[in-house]
Amino acid sequence: MQEIVLARPDDFSGWRDAARGLAETGVAPQEVVWRIDRDGADLFADPAARGQEPGAPPGRTAERRNLRVPRRFVDLAELVVCHRDPERFALLYRLLCRLQDQPQLLDIATDDDVARVDLMAKSVRRDRHKMTAFVRFREVNTPEGTRYLAWFEPEHHIVELTAPFFVERFAAMRWTIITPLASVCWNLEALSFGAGGSRDDVPAEDAAEEDWRTYYSSIFNPARLKVDAMRREMPVKYWKNLPEASLIAPLIRSARNSEAAMVDSPQNSVPKRAATILARSDGMREDPPAAGGNSLDALRREAAGCRRCDLYKFATQTVFGEGLPTADLVFVGEQPGDKEDLAGKPFVGPAGAMFDRALGDAGIDRKRAYVTNAVKHFKFEPRGKKRIHKKPGIGEINACHAWLEQELAVLRPRLTIALGATAIRSLTGQSASVLGTRGRVLSSPLAGPVFVTVHPSFLLRLPDADSQRTEYERFVADLRAAKEIAAREPGELAAPTP
Ligand code: URA
């Protein structure tokens, strides 16, 4: 029996290195015991401390075999390692061993091990989403200056995996997030991780909370009250740490009272104009914009004044996304071009015409989708009277990321389609090539599943008719595949593909 001691409960690299060594030398899953080092010492930093290489079984000659490790498995493992189930390391190692003889194993959703890791990954994703949504900072004065403290109670060991989200969001603030299991500090330059703490480590209230409560009650729209959805999205267990939570019950009560008063009122008939519009709508269901349209409008207005990078200085206007607020499919391009910059709408120039044609051939109705860009201002180089498109840099993609993130948080599509490398970068944080990821479903901290295909302007640059035809058909096939993936069950949808 081999004992593997991992440095921390979320020690993905420790698990990965050990699992690789064990699997390469053919150690059976039942011969391994996984344990977490109670003292927190990073044993993997010094393999000699354990007297052996990770995974090399005592007395066994290191006859190594090549491992088959699909990317999809690695992505799953990175999440599942954070799950609090004590059997997670053993389960993942068993799957890794089984994958060597059954490369398609992850596609068998009915397999017990696969179903279990899928569920675990889903639970960790959800926990991360909740952390990004429900952490509330309190301002404290410290000798180094203002620091923002937050208390959060995650279900799993997600602090380290989720910390980069807060760095990106709050890079210019010193902040600390304390949880019962671990804590993380950002000092404007680097992250540091420490032991967990208690709720008492974070002050209960500060002045900003009163402002936040006032803001919350002013944006609370009784017409949009959906208590079940609210509970689903903002589970009651998080309420105790949210300053606005104390308002929820009275606001719900007062919304119900006003609703009752409206129903009782004799003047409560459909206004004439609304009735005419309803009668004209040909039975086509136009989803109520209130389901997200209001927030998208607010974001669009806010983004119109965006100065997060210098592109606003030269562009005509911010080109925000547009489309159905309840769309299943969200398409993310690179940045507006010349025509889009002038029109203030995404994908209305030559690339847009190509995109529209392909959407039509793939059976996708653009009016029922949402189309946006990773970067919302046109970046160009003036050449004579022309403005020549220039690729946005990482700094510009990062600066604009917050808009895309907020759009997606409101839209919550079933599937996001990354059109080209800039969109992949913004959605996944990875500099993956389109070539290497085309047709795959990647996971994204902001968007759920992300399907990759080429940017339509790639098709405009092809030199000959043959390649234009072939590549156009491939693009349409990708769009059809995306449509088909979005129609799958949510469980199947969530899984990234290798
Ligand atoms: N290219 C893009 O990526 N987006 C547009 O809106 C237009 C061209």
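When I say a residue is near the ligand, I mean that one of its heavy atoms lies within 4 Å of it. Hi everyone, and keep in mind as we go that this is a predicted model.

Let's start at the ligand. With that cut-off, the residues around the ligand are G333, E334, Q335, P336 and G337, then E340, then P346 and F347, and finally N373 and H455. How does that shell divide by residue character? Three of its residues are nonpolar, five are polar and two are charged.

Now for the polar contacts. On the backbone side, Q335 places an N or O atom 2.9 Å from a nitrogen atom of the ligand. F347 also uses its backbone: a polar atom there is 2.8 Å from an oxygen atom of the ligand. H455 works through its side chain instead, with an N or O atom 2.6 Å from a ligand oxygen. How much of the ligand's accessible area does the protein cover? On its own the ligand has 240 Å², and the protein covers 93% of that. As for where the ligand sits, the space it takes is the second largest pocket.

Let's move to the strands. As a quick reminder, strands of a sheet pair through backbone hydrogen bonds, either parallel or antiparallel.

The sheet I'd like you to look at is an open one of six strands, in the order 8-10-9-13-15-14, and its pairing is mixed. Which strands are at the edges? Those are strand 8, residues 322-323, and strand 14, residues 441-444, each pairing on one side only. Strand 14 is antiparallel to strand 15, residues 448-453, and four bridges link the two. One pair to find on your screen is S444 with its bridge partner G448 in strand 15.

Next, two hairpins. Strand 6, residues 182-186, runs antiparallel to strand 7, residues 191-195, and five bridges join them. W186 has L191 of strand 7 as its bridge partner. Four residues lie between these two strands, and in the turn L188 has a positive phi of about 85 degrees.

The other hairpin is built from strand 11, residues 380-383, and strand 12, residues 386-389, an antiparallel pair with four bridges. Here P382 has R387 in strand 12 as its bridge partner. Which residue takes a positive phi in this hairpin? That is G384, near 60 degrees, in a hairpin with two residues between the strands.

That's my tour, thanks for listening!

Key
Residues are numbered from 1 along each chain as its sequence is written. This is a predicted model: local features need pLDDT of at least 70, side-chain atom pairs count only at pLDDT 80 or more; totals for chains, interfaces and linings use all residues. Side-chain values use heavy atoms; hydrogens and water are left out. A polar contact is a pair of N or O atoms within 3.5 Å; within protein, one must be able to donate a hydrogen and the other to accept it, and residues adjacent in sequence count only if both atoms are side-chain atoms. Accessible areas come from the Shrake-Rupley method with a 1.4 Å probe; for residues, only the protein chains shown count as cover. On a 1 Å grid over the protein atoms alone, a cavity is a set of points where a 1.4 Å probe fits but cannot get out, and a pocket is an open set with protein on both sides within 12 Å along at least five of seven lines; lining residues have an atom within 4 Å of a point. A molecule sits in a cavity or pocket if more than half of its atoms lie within 2 Å of its grid points. Ala, Val, Leu, Ile, Met, Phe, Trp, Tyr, Cys and Pro count as nonpolar, Asp, Glu, Lys and Arg as charged, and the others, Gly among them, as polar. Two strands pair if DSSP finds at least two bridges between them.
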